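Please open the model in your viewer and keep the selection tool at hand, since each stop on this tour asks you to pick out a few residues and look at what surrounds them.

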Protein chains: 2
Amino acid sequence: MPNVSNVVKRIAIFGVGLIGGSFALALKKAGAVGHIVGVGRSYASLERALQLGIIDSIATSAEIAVKDVDLVLIAAPVAQTQAILSAIAPHLQPGTVVTDAGSTKSDVVLAARAALGVKLAQFVPAHPIAGRELNGPDAALSDLYVGKKAVITRLPENSDADVARVAQVWEQCGAIIHYLQPERHDAVFAAVSHLPHLLAYALVDDIARKPHADLLFQYAASGFRDFTRIAGSSPEMWRDITLANRQAMLQELDSYTARLQVLRECLLTADAAGIEGIYANAQKARHNWISAIEAAEKQQREGGD
Amino acid sequence: MPNVSNVVKRIAIFGVGLIGGSFALALKKAGAVGHIVGVGRSYASLERALQLGIIDSIATSAEIAVKDVDLVLIAAPVAQTQAILSAIAPHLQPGTVVTDAGSTKSDVVLAARAALGVKLAQFVPAHPIAGRELNGPDAALSDLYVGKKAVITRLPENSDADVARVAQVWEQCGAIIHYLQPERHDAVFAAVSHLPHLLAYALVDDIARKPHADLLFQYAASGFRDFTRIAGSSPEMWRDITLANRQAMLQELDSYTARLQVLRECLLTADAAGIEGIYANAQKARHNWISAIEAAEKQQREGGD
């Protein structure tokens, strides 16, 4: 593994909300960063981030933001990635590593190829698997990434040193590094994150459209609350993710709809064994998954790795 | 409202697990019951319930269980309701009120009509809206029903006094009484509880069947965990509920699948506005619902009613 210093002197963060702000707070807490400059669409958010000690200064343009920085983190909704990369490309100095925190990766890689040209090798795409329903600088937490996965989808063009630099900062945030190919990443998260969001939004939307929606919501209880928690997430952010990953989501949606058709047939024919078979398979798989998570968490708490 | 005594002298509970056990503990805590006799399929569960102070004695048959009791609660999986009612029918004394805690009501009413004959008026169907993922006597909690709804789906044959008796015991458990027609009850819970369970089971089953299931589960995070929490529930119990309420569930499933088809079309055509419209409608409806719940909880805490 290439040798990299433990402290990054200067970092620029595009988007100082939950994701970018938590990254900043974590690195500051770890003493792993010198100066953080913030840049973004909302000046109010930047001022708030400055007030909260998330960033040390505000840059009013991409050009100023990336001047003399060692690392750039793009933590804005994925649909903005290409515009941000295009804005910084002409000003990107050799030696600066650029990374992102987007929930989709194939589209981000396409955007980077289009925007960065010969500087593509400086861009190491990544995705920290963490979040909250809250947004903005006030939602940022220094421990948001502790024990969570950060997936790096490195490009063939990337140098080992640049990949190691990105891995190091996420490790300093407390994250556990995983590597996937961009397409593999998108297929995986279509199944376990993006489709569930679509399904939860669709259920609440379906109920809200019914003439007796008020009656229905009156009797919705804790099971419904948990099932639909992800439908409380930002529609704009999830619209972007859905569009960016729509091919993989279509595949997962069709696979899921086929299972619903099997269950529909069981309902029509009152097939008790068919229903119980699916329910029991799911319950067992989920039980095994939760057990594996809990074992891993226990190992982590006990100082294993 | 008819005048009813505050203490029920003797109660028989069929099924001393989470639901029946919590009912018993709540009434004991409230000093609202004299003696509780337990009866059920599993002798081990009955002995455990006795040990935990949930019940005061064990009956080895339905006949013995219902002798001289003021109230019978059936807290077994819904598919067993008719068999239990048939077993107690010949021994049911005038003045004993029978109620249940099943998650479906139309089928329970049909079962009661078939099993109880001229004694039908003594059966007041009900459904407490509370639960946990755990089962059995050890899962029972004296405060499980505090602040939760208990829905009574009274029959035309019921006397006001018997309905008031059932309402009273659930109020003594801390529950808030609601009234719905059985068919209305089933339509409501198909939408906000039974369908979400089916959808969660279907998603975990779909993922578990894929050849790369292990990889997928490895990257599933907290959003997936909450979305699928209800797929950790008992497959037997939910098979019964699904079958008992399959007509209403088919309607809800078809309505939901139609929304998924709209979203599928949006994915195919990259319709950003269409996707955001559905996501935003859902997010807003959920936000309003959560706000209403929190306002009601606040009012309750502050001593309102």
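Begin by selecting helix α10 of chain B, residues 235-244, where B:Pro235, B:Trp238, B:Arg239, B:Asp240, B:Ile241 and B:Thr242 are buried. Here buried means under 20% relative accessible area, exposed means over 50%, and partly exposed lies in between, as computed with a 1.4 Å probe on the protein chains only. The helices (H or I, at least four residues) and strands (E, at least two) on this tour are DSSP runs, numbered from the N terminus. This is a predicted model, in which local features need pLDDT of at least 70 and side-chain atom pairs count only at pLDDT 80 or more, while totals for chains, interfaces and linings use all residues. Residues are numbered from 1 along each chain as its sequence is written, chains are lettered from A and ligands numbered from 1 in the order in which they are written, and side-chain values use heavy atoms, with hydrogens and water left out.

Now add the partners of that helix to your selection: the buried residues of α10(B) pack against α11 (246-269) and α12 (272-301) of chain A, together with α7 (182-209) and α11 (246-268) of chain B.

Keep α7(B) and α10(B) on screen. Two packed helices are described by the angle between their axes and the distance between the axes. For this pair the axes come within 11 Å and cross at roughly 125°, where axes are lines fitted to C-alpha atoms, for helices over the stretch in contact, and angles run from 0 to 180 degrees between N-to-C directions. The helices α7(B) and α10(B) are therefore oblique to each other, given that angles under 35 degrees count as roughly parallel, over 145 as roughly antiparallel, 65 to 115 as roughly perpendicular and the rest as oblique. The crossing of α7(B) past α10(B) is left-handed, a word used if the near helix is turned anticlockwise from the far one by less than a right angle, with right-handed used if clockwise.

Which residues of α7(B) and α10(B) meet? Select B:Ser193, B:His194, B:His197 and B:Tyr201 in α7(B), which meet B:Pro235, B:Trp238 and B:Ile241 in α10(B); contact means heavy atoms within 4.5 Å. By class, this contact of α7(B) with α10(B) has 4 nonpolar, 3 polar and no charged residues, where Ala, Val, Leu, Ile, Met, Phe, Trp, Tyr, Cys and Pro count as nonpolar, Asp, Glu, Lys and Arg as charged, and the others, Gly among them, as polar.

Next, move to chain A and select α7 (residues 182-209) and α10 (residues 235-244), which pack at an angle of about 125° with their axes 11 Å apart. That makes α7(A) oblique to α10(A), and the crossing of α7(A) and α10(A) is left-handed. In α7(A), A:Ser193, A:His194, A:His197 and A:Tyr201 meet A:Pro235, A:Trp238 and A:Ile241 of α10(A).

Leave A:Tyr201 displayed and select B:Ala282, which is in helix α12 (residues 272-301) of chain B. With a relative accessible area of 0%, B:Ala282 is buried, and, leaving aside its neighbours within four places in sequence, B:Ala282 is in contact with A:Tyr201, A:Val204, A:Asp205 and A:Ala231.

For another helix pair, select α4 (residues 81-88) and α5 (residues 106-116) of chain A, whose axes come within 9 Å and cross at roughly 25°. These two helices, α4(A) and α5(A), are therefore roughly parallel to each other, and their crossing is right-handed.

Then select A:Ala270, in the loop between α11 and α12 of chain A. A:Ala270 has a positive phi of about 50° although it is not a glycine, and its relative accessible area of 36% makes it partly exposed. Add A:Ser291, which lies in helix α12 of chain A and counts as partly exposed at 33% relative accessibility. A:Ser291 and A:Ala270 are 21 residues apart in sequence and 33 Å apart in space, C-alpha to C-alpha.

Finish with A:Leu199, which is in contact with A:Leu253, A:Tyr256, B:Leu203, B:Phe227, B:Tyr256 and B:Leu260, leaving aside its neighbours within four places in sequence.
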